[in-house]
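Student: Please take a close look at the metal sites in this model, and tell me what holds each metal and where the ligating residues sit along the chain.

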Amino acid sequence: MTAVPIPQRIHRGERDVVITWAEEHVGHYPARDLRLACQCAECHDEMTGRPLLDPGAVSDDVHALAIDLVGSYAIRIQWSDGHATGIYPYDFLLSICPCERCVAGRGGR
Ligand SMILES: [Zn+2]
Ligand SMILES: [Zn+2]
């Protein structure tokens, strides 16, 4: 059984969402990247895995208005473009963690 990662702290910035996984492991997620990574059925075809969201339709200054915890495994982000159905599981967030160590661990991007 794999333990689900639980962030120590989640902070909503002006243009990013900062997730502290551990003391020396902090991911600064650019808000727009996270918005584009939304996995909900509206943004992402669950059958084919194809993104349905047009990146051109997402403004550069999109940002998180609110972040709600969903159980102990995910967060839901309410976006400034009115989108609020996206749920971001912690293991997914960890898999796209933009910190240097994770990016290097995934062999760059
Ligand atoms: Zn979505
Ligand atoms: Zn990381």
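Tutor: Happy to! Donors here are N, O and S atoms within 2.8 Å of the metal (3.2 Å for Na, K and Ca), and sites may look incomplete because water is not among the atoms. This is a predicted model, with local features needing pLDDT of at least 70 and side-chain atom pairs pLDDT 80 or more, while totals for chains, interfaces and linings use all residues; side-chain values use heavy atoms, without hydrogens or water. Residues are numbered from 1 along each chain as its sequence is written, with chains lettered from A and ligands numbered from 1 in written order.

Let's begin with the zinc ion (ligand 1). Its protein donors are the SG atoms of C38, C40 and C43 and the NE2 atom of H83, 2.1 to 2.3 Å away. Along the chain they follow the spacing C-x1-C-x2-C-x39-H. The angles among the four donor atoms are 99 to 115 degrees, and the site is tetrahedral (all angles between 85 and 135 degrees). C38 and C40 are both buried, that is, under 20% relative accessible area with a 1.4 Å probe, protein chains only.

Now the zinc ion (ligand 2). H25 coordinates this ion through NE2, and C97, C99 and C102 do so through SG, at 2.0 to 2.3 Å. Its arrangement is tetrahedral because the four donor atoms subtend angles of 101 to 113 degrees. Here the spacing reads H-x71-C-x1-C-x2-C. The pair H25 and C102 links distant parts of the chain, 77 residues apart: H25 lies in strand β3 (residues 25–30) and C102 in helix α3 (residues 100–105). These elements are DSSP runs numbered from the N terminus, helices (H or I) of at least four residues and strands (E) of at least two. Both H25 and C102 are buried.

Note on methods
Tetrahedral: all angles 85-135°; square planar, octahedral: opposite > 155°, others 65-115°. Buried < 20%, exposed > 50% of the residue type's maximum accessible area, 1.4 Å probe, protein only.
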